[in-house]
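Visitor: Could you take me through the salt bridges of this model, slowly and with attention to where the partners sit? I would then like to hear about the ligand and the nonpolar core.

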Amino acid sequence: MKNLDKILNKEELLKEDILFLLQLREADKIEMLQKKAEEVRQIYFNDEIHLRGIIEFSNFCIRDCFYCGLRRSNKKVERFRMSKEEIMVTAKLIYDSDIKTIVLQSGEDLFYTKEDIAEIITEIKSQYDVAITLSLGERAFDEYDLWRECGADRYLLKHETANRNLYHQIHPYQDFTNRIAHLKYLKNIGFQIGSGNIIGLPNQTLEDIADDILLCNKLNVDMASFSPFIHADNTPFANVENCDMQLLLNTMAVARLVLKNAHIPATTALATLDEEGREKGILAGANVVMPSFTPTPYRGNYLIYKDKKCISENPKQCMPCLDLRLMSIGVKVSHSHGHSLKT
Ligand code: 5AD
């Protein structure tokens, strides 16, 4: 206990400290870790949770990631693309819900040209006072330049795993060094960047997870997402066991201690893994929730993993449910844009 207390009060955690904390399994020790993570969250964010409304506008993908249900080899997915008009109607729904960040996410789909995306950004920015986050995968640097010039604020591009060998095993034809180069470029041209990993991948070690947290710190990410692996049908990992919930919560709490004022979401994957996953994630230090506004029936086909939560609900029904859930754990929704606190 004394040792744990000492580690929890260190200004900077070393890799060995992180490994020690990730392995905690006794209830009283886990409680100490989570309390500390919550304390750090409160220092920077009080009891405010930022909402990001996400529009998953296309599930076409040129990539073939072993874990992902949307991989191009999965012929069982009914693919969809939303039109610009449909995207704008959904953006209005998010704005009308008093949410100040719109996340545009898709598979890596080159059908949408750099001009198409630029037009959507420009139109949203001209109509609504919101921040825009893009999550479109790896695109050309000049495309990032243009989108930034049009006013996009943030870019999410998870490194997925900091273990280079593992990265190459599960991402055919992709390159780890290149991925990191993209993140650095995005940061350089003024995007707030988000990275993060998936926890529970086959052959992934605790050391890999510690490295993921440290890499996020080194890249000075503005946001970091740690998602539990959940198997997806018709993928090479369809029979791999889902992520262990405690390992995920420990990771989130340690990430809060290391990354301090970075935004950390309680992901939809976490809500899928556990009925009260979002609440547990917030109690372990998360400060962001990303409700999906993807219209039905498309949302039923954006199945990155199995049994994804809230796919049949009408997006309008999600907000009251979310409000209640947040209230029940003593936090409230922020109405600011929720920009990065990093310098
Ligand atoms: N389980 C958990 N997260 C996944 N992602 C993709 N597939 C899975 C899965 N099976 C995550 C990746 C990606 C994000 C959009 O979804 O981290 O960056």
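Guide: The side chains of Lys 100 and Asp 98 form a salt bridge in this predicted model, with 3.8 Å from N to O. Lys 100 counts as buried because its relative accessible area is 18%, under the 20% limit, whereas Asp 98, with a relative accessible area of 38%, is partly exposed. Elsewhere, salt bridges with shared partners connect Arg 63, Glu 108, Glu 138, Glu 160 and Arg 179 in one network. Within it, the side chains of Arg 63 and Glu 108 are joined by a salt bridge of 2.9 Å, N to O. Arg 63 belongs to the loop between strand 2 (53–58) and helix 4 (84–96), and Glu 108 to the loop between strand 3 (101–106) and helix 5 (114–127), so this salt bridge ties together parts that are 45 residues apart in sequence. Both Arg 63 and Glu 108 are buried.

A further salt bridge pairs Lys 260 with Glu 11, their closest N and O atoms lying 3.9 Å apart. This pair links distant parts of the chain, 249 residues apart, with Lys 260 in the loop between helix 10 and strand 8 (265–266) and Glu 11 in the loop between helix 1 (2–8) and helix 2 (15–22). Lys 260 is partly exposed at 22% relative accessibility, while Glu 11 is exposed, with a relative accessible area of 62%. The structure as a whole contains 30 salt bridges.

Glu 160, a member of the network just described, leads on to the ligand, since a polar side-chain atom of Glu 160 lies 2.6 Å from a ligand oxygen atom. Two contacts to ligand nitrogen atoms come from the backbone: a backbone N or O atom of Tyr 67 at 3.0 Å, and a backbone N or O atom of Ile 230 at 2.7 Å. The ligand exposes 410 Å² when taken alone, and the protein buries 86% of that. Other residues surrounding the ligand include Cys 68, Gln 105, Lys 158, Phe 229 and Tyr 305.

As for the nonpolar side, the largest core has 98 residues, among which Leu 21, Leu 104, Ile 124 and Trp 147 touch the most other members. Helix 10 (residues 245–259) contributes the most to this core, namely eleven residues. A second, separate core has six residues, including Ile 54, Leu 156, Met 223 and Met 290. Beyond its neighbours within four places in sequence, Trp 147 is in contact with residues including Lys 114, Ile 117, Leu 134, Arg 139, Tyr 155 and Phe 191.

Notes. Residues are numbered from 1 along each chain as its sequence is written. This is a predicted model: local features need pLDDT of at least 70, side-chain atom pairs count only at pLDDT 80 or more; totals for chains, interfaces and linings use all residues. Side-chain values use heavy atoms; hydrogens and water are left out. A nonpolar core is a set of buried Ala, Val, Leu, Ile, Met, Phe, Trp, Tyr and Cys residues joined through side-chain atoms within 4.5 Å. Buried means under 20% relative accessible area, exposed over 50%, partly exposed in between (1.4 Å probe, protein chains only). Helices (H or I, at least four residues) and strands (E, at least two) are DSSP runs, numbered from the N terminus. Contact means heavy atoms within 4.5 Å. A residue is near a molecule or strand if one of its heavy atoms lies within 4 Å of it. A polar contact is a pair of N or O atoms within 3.5 Å; within protein, one must be able to donate a hydrogen and the other to accept it, and residues adjacent in sequence count only if both atoms are side-chain atoms. Accessible areas come from the Shrake-Rupley method with a 1.4 Å probe; for residues, only the protein chains shown count as cover. A salt bridge is a side-chain nitrogen of Lys or Arg within 4 Å of a carboxyl oxygen of Asp or Glu.
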